[in-house]
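I opened this model to look up two interfaces, one between chains and one between domains. My notes follow the display.

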Amino acid sequence: MSTRTVTMSVNGEQRRAEVEDRTLLIHFLREQLNLTGPHIGCETSHCGACTVDLNGVSVKSCTVLAVQCEGAEVLTVEGLAEGGVLHAVQEGFHQQHGLQCGFCTPGMLVRSYRLLQDNPDPTEEEIRAGISGNLCRCTGYQNIVKAIQYAAKRLKEAQSVSA
Amino acid sequence: MNAPNERSAELAGIGEARLRKEDARFIQGKGNYVDDIKLPGMLFLDVVRSPLAHARIKRIDTSKAKAIPGVLAVLTAEDLKPLKLHWMPTLAGDVQAVLADDKVCFQMQEVAVVVADDRYIAADGVEAVEVEYEELPALVDAKAALAPDAPVIREDIADRSEGAHGPRSHPNHIFTWEAGDRAAADAAFAAAEVTVAQDMLYPRVHPCPLETCGCVASFDPVRGELTTWMTSQAPHIVRTVVGLLSGLPESKIRIISPDIGGGFGNKVGVYPGYVCAIVASIVLGRPVKWIEDRIENISTTAFARDYHMSGELAATRDGRITGMRVKVIADHGAFNSHAQPTKWPAGLFSICSGSYDIPAAYARVDGVYTNKAPGGVAYRCSFRVTEAVYVIERLIDVLAQKLSIDKAEIRRRNFIHREQFPYTSAFGWQYDSGDYERGLQKVLEAVDYEALRAEQAAKRADPDCPTLMGIGICTFTEIVGAGPSKACDVLGVGMFDSCEIRVHPDGSAIARMGTINQGQGHPTTYAQIIATELGIPSDRITIEEGDTSTAPYGLGTYGSRSTPVGGAATAMAARKVHAKARKIAASLLEVGEADLEWEIDRFQVRGDPERAKTMKEIAWAAYQHAPSGEEHGLEASYYYDPPNFTYPFGSYLAVVDIDRATGETKVRRFYALDDCGTRINPMIIEGQIHGGLTEGFAVAMGQQMPFDAQGNLLGNTLMDYFLPTAVETPHWETDFTVTPSPHHPIGAKGVAESPHVGSIPCFSNAVADAFAHLGVTHLEMPHSAYRVWRQLHASGVAL
Amino acid sequence: MIPAGFDYHAPDSVAEALRLLDELDDAKLLAGGHSLLPMMKLRFAQPAHLVDLGRIPGLSGIREEGDVVVIGAMTVENELIRSEIIRRRVPLLAEAAALIADPQVRNRGTIGGDIAHGDPGNDHPALAIALDAGFVLEGPGGRRPVKAEDFFLGTFMTELADNEILVEIRVPGLAPHTGQAYEKLKRKTGDWATAGAAVVITIEQGKVGAVRIGLTNLAPSALRAEAAEQALLGQPLSETTIEDAATRAAAICDPAEDLRGDRDYKLAMARQMVKRAIRKAAARCP
């Protein structure tokens with residue numbers, strides 16, 4: 001059973017570690033880098049609690065090998081806030097009561113972040129489809145939809161100010 | 001001085017849609033769930049499980065597993081026997097195998113555990129353990145459990161004629177429980193103008209929170225102390241159980257429920273994995289982590305329902321119900337490990353007369369063993385209330401159809417009327433308060449019920465209409481807030497709950513409760529209760545729960561008991577603080593206590609409001625110079641034993657459109673009106689209702705745990721087990737009325753389970769209503785496209 | 001759920017990947033991993049070696065070669081949805097890809113993996129059949145083409161040899177006046193089809209000039225419903241011909257009973273999906 005060294009950028013920081021070939025990205029992040037934001041919910045790539053951003057797209061880190069991420073850029077929920085300022089999706093989830101137990105939240109936030117990067121002005125239907133790879137057992141999604149709409153609005157406002 | 005309304009708004013007390021205090025850590029990935037905990041030297045435990053549902057164990061060979069580098073121990077029942085821990089008592093008066101002793105009685109039963117340096121090696125070790133089985137015939141159908149030739153599941157108690165709940169008539173029989181007045185009910189049926197009967201199965205489902213169960217057990221051999229972080233909805237009870245099992249004094253045991261990723265009943269029980277991790281930590285002297293995977297979670301820890309119900313109503317020709325009878329075969333699985341707090345083996349099932357004034361009623365439940373997983377729990381409800389509400393809400397629709405009475409109208413004719421409260425039901429429950437007509441009327445107006453029925457009639461008249469339209473109504477009453485200790489206990493511990501409040505010199509405060517948050521918003525809402533009672537701004541109040549070494553003893557959070565019991569304890573503890581504060585204020589203002597009046601955050605002299613002492617000033621004074629005869633400090637605790645349950649209620653209405661070609665059911669509209677008494681935080685209440693409705697939708701439309709004839713669970717991952725995504729989940733409309741509980745200190749009743757309990761029969765009623773004109777009275781859950789299509793086909797209306 | 005140990009290889013060329021396949025005992029190709037890794041985590045599959053195709057340049061991407069749309073086998077589902085070429089030339093693939101799995105999985109799951117796995121529940125086989133696509137398999141002896149309808153031999157059995165790699169999917173140009181549609185009945189997001197039907201139909205002067213129908217998850221492998229096609233060919237499209245086609249399509253199905261439904265239901269749904277897809281595709285004929 002072989003091991004190897006992997007190097008990747010995680011939340012903007014170069015990280016290097018020895019992993020087994022079979023190490024899953026989620027375990028690499030949680031166990032070796034102590035980034036316990038992404039969670040393990042189903043292990044069969046259905047629930048999305050382990051969602052992270054990998055090279056600019058959302059993936060389920062329970063179904064990606066750490067060795068596949070050599071040289072990659074990874075973003076987890078821990079990297080969303082910048083300079084101590086919450087990202088608009090984080091603010092939206094708080095303001096619109098988009099979370100209850102909080103377990104799906106890190107995956108949901110990272111997914112919402114990417115959704116709004118790809119589609120800054122989504123309809124409700126697009127939001128619902130966009131988060132359909134993330135299960136939430138607590139909220140019934142209605143407030144999550146509102147949270148993402150709130151974030152979309154804030155991001156647009158910020159953009160028009162900076163423009 | 002601020003105006004009173006400004007000061008009140010600053011408090012963010014009861015009634016405010018206060019944003020949640022606890023969100024900050026969750027949205028930044030800084031939650032602290034059990035699997036996030038990492039201790040120096042920590043090992044990982046994984047479980048070897050039976051692939052067969054019923055089999056004798058011929059041989060277990062652990063040698064290959066033990067030879068794997070990094071595997072520290074492999075434990076089987078033989079290893080636990082010297083400790084007398086291979087079996088454990090259950091909360092329901094039975095015993096359950098911790099590790100299978102001689103035979104396995106359900107698929108995925110725990111057979112051995114492997115303890116290794118990390119979870120990868122532990123998984124390799126599990127695969128390397130060799131177990132030889134001799135397969136036995138499996139008993140899957142609960143209705144066949146009591147047949148003379150049924151396979152005997154529990155050889156360990158086969159010859160016992162008495163169980164924890166009375167006589168046993170068969171080796172697979174657990175109990176017979178009766179409620180109500182059988183003779184009176186039989187007389188009502190004998191005299192009835194009309195009767196209806198309907199069999200219905202409430203299928204076995206699983207609560208399936210997104211976080212599975214797990215623990216980190218850490219025994220310190222030097223101090224002789226055990227600390228265990230655990231996904232538990234009831235950490236104090238776990239401490240007591242661990243004390244009984246281990247022989248350690250409770251003072252040496254610390255159970256911590258950190259952040260919990262949803263419970264919904266799944267995390268009430270005490271599971272073999274916890275016991276094994278604790279044993280392994282004690283034996284090895286190192287911390288041991290055990291975390292279930294999703295298949296283990298769905299297959300073994302907790303299930304809910306599995307009630308085969310036969311219900312009957314007797315009535316007059318104009319639809320007045322005169323009697324009710326219900327018989328149930330309850331499938332309890334291989335061990336009776338039901339985690340429920342009442343003194344009755346069928347819990348609160350006898351709330352099944354619902355919102356209706358039924359003069360005579362009788363219920364009988366027979367619990368049986370089958371080759372399925374044990375550990376039944378109340379999945380987002382009080383124990384057996386969901387089943388009870390389902391049976392009455394389905395039956396009243398069946399009666400309406402038989403008599404051709406509108407389904408809203410028949411409910412009106414049978415409601416317990418507002419002026420009848422407090423009302424004693426035929427089963428003996430004392431309903432605290434209610435106003436059922438008002439809620440139903442509000443819903444019917446909001447959705448324009450008459451227009452919906454007209455649309456339905458037009459569609460039924462059109463043979464080419466591609467859909468069947470159904471309108472479901474559910475006017476439910478719940479019973480929550482376990483509970484009065486005369487009715488409820490766990491292992492003899494009464495079902496009180498507790499709160500300790502300590503006001504600091506600067507007027508901020510910390511409060512600790514015996515309940516435990518799993519997403520319900522306790523750190524936010526408990527603070528709001530204290531804010532209103534004591535005039536301390538919510539933001540200056542810290543709420544702590546879940547650590548048995550700091551929190552007062554409490555019975556935990558399930559059965560919607562946090563607000564009814566923990567919330568009451570909080571208000572009462574606050575009132576004790578308030579009473580002392582009054583004494584201090586009187587002393588400071590040099591007036592008699594009777595001369596003081598309370599206003600928002602201060603005591604002021606009656607008739608001279610300028611002379612006042614705020615709670616902040618009083619707190620400082622309490623530490624500076626207590627009045628003579630008083631102790632220093634400003635704190636109080638309260639253990640609240642509720643005088644009664646609370647009875648939240650609601651009126652729900654669903655409109656569904658069924659595709660005649662595929663059987664798919666689309667929820668066009670769902671309107672939920674809830675009355676949970678006093679509303680502490682409307683934002684959180686609405687969130688709880690959205691979540692409960694969504695879980696109800698999942699149960700009604702897709703969740704089930706199907707077994708084949710050999711007892712294999714078909715569909716134990718999230719590929720098959722239905723957890724709806726944002727795409728499948730309907731849009732919810734919510735509404736409310738407020739009918740306070742007369743016996744609760746702040747009039748609150750509890751809300752989080754109502755939407756689950758109430759929505760499931762509402763969906764079933766809507767689906768059945770779509771077929772009503774075709775003579776169909778009932779469709780079994782879940783209403784998957786496939787099952788609905790079979791009815792379309794049978795009724796000759798499939799396209 | 002932890003996979004058993006294996007050695008990971010990340011070749012940077014098809015030739016190197018083929019060499020590894022040849023040299024290594026018990027090696028499996030890793031594409032998007034969303035079928036293979038779960039199977040390995042459940043320990044249903046325990047290959048000694050994984051050969052990752054993810055680092056081979058040129059294996060992914062979409063291009064036009066004259067009339068033919070060429071899709072690299074490692075192209076992920078979301079790329080099919082986004083691709084301007086696909087939307088213009090083969091909108092069927094974009095429509096169907098959006099019905100596969102969920103947004104995250106579509107960022108990993110590849111068209112080639114979906115096809116090469118040979119799972120009757122996968123959607124691309126029937127789509128490829130309906131599009132009359134060809135697959136390019138590369139082995140030690142070079143490349144060879146196989147038509148989609150000849151590729152699928154049974155559940156998890158395909159024309160792909162152990163020492164070959166699926167490198168390209170080639171979709172031929174479609175006649176003018178052609179419409180395409182995929183109808184997929186599923187229980188929820190991320191599920192496989194209870195029944196699925198892909199239809200590519202050409203309607204000229206009011207009559208069906210050409211039609212191909214592929215069926216998903218209705219037999220041990222994806223099916224081409226030739227008899228159904230015959231029922232439509234040369235006919236004006238009417239409810240009668242559509243019914244007839246649906247009946248003929250269902251007649252060749254041999255679905256397995258599972259939690260999605262029994263045989264009767266799946267056969268009835270095969271009819272429904274075929275009818276819906278024909279109507280929708282016909283309505284899209286320019």
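The entries below cover the two interfaces in turn; the model is a predicted one.

Entry 1, chain B against chain C. I looked up the contacts and found 27 residues of chain B touching 25 residues of chain C. The two chains bury about 2,100 Å² between them, with 59% of it on carbon and sulfur atoms. I then asked which three residues of chain B supply the most buried area against chain C. They are Met719(B), Tyr786(B) and Trp789(B), which supply 29% of the area that chain B buries there.

Next I checked the polar side of this interface. I noted four salt bridges between chain B and chain C. I looked up the one that joins Asp124(B) to Arg43(C), at 2.7 Å from N to O. There are 13 residue pairs in polar contact across the interface, both residues at pLDDT 80 or more. Helices H5 (119-128), H9 (294-300) and H19 (785-794) of chain B each supply at least two residues to the side that touches chain C. H5(B) gives the most, with five residues. By class, I recorded 15 nonpolar, three polar and nine charged residues on that side of chain B.

Entry 2, within chain A. The chain is divided into domain 1 (3-77) and domain 2 (88-162), and their C-alpha centres are 22 Å apart. In contact are 19 residues of domain 1 and 13 residues of domain 2. These domains bury about 1,200 Å² between them. I counted one salt bridge between the domains of chain A.

Technical notes
Residues are numbered from 1 along each chain as its sequence is written. Chains are lettered from A and ligands numbered from 1 in the order in which they are written. This is a predicted model: local features need pLDDT of at least 70, side-chain atom pairs count only at pLDDT 80 or more; totals for chains, interfaces and linings use all residues. Side-chain values use heavy atoms; hydrogens and water are left out. Contact means heavy atoms within 4.5 Å. Buried area is the accessible area (1.4 Å probe) that two parts lose on being put together, summed over both. A salt bridge is a side-chain nitrogen of Lys or Arg within 4 Å of a carboxyl oxygen of Asp or Glu. A polar contact is a pair of N or O atoms within 3.5 Å; within protein, one must be able to donate a hydrogen and the other to accept it, and residues adjacent in sequence count only if both atoms are side-chain atoms. Helices (H or I, at least four residues) and strands (E, at least two) are DSSP runs, numbered from the N terminus. Ala, Val, Leu, Ile, Met, Phe, Trp, Tyr, Cys and Pro count as nonpolar, Asp, Glu, Lys and Arg as charged, and the others, Gly among them, as polar. Domain bounds come from an automatic or database domain assignment.
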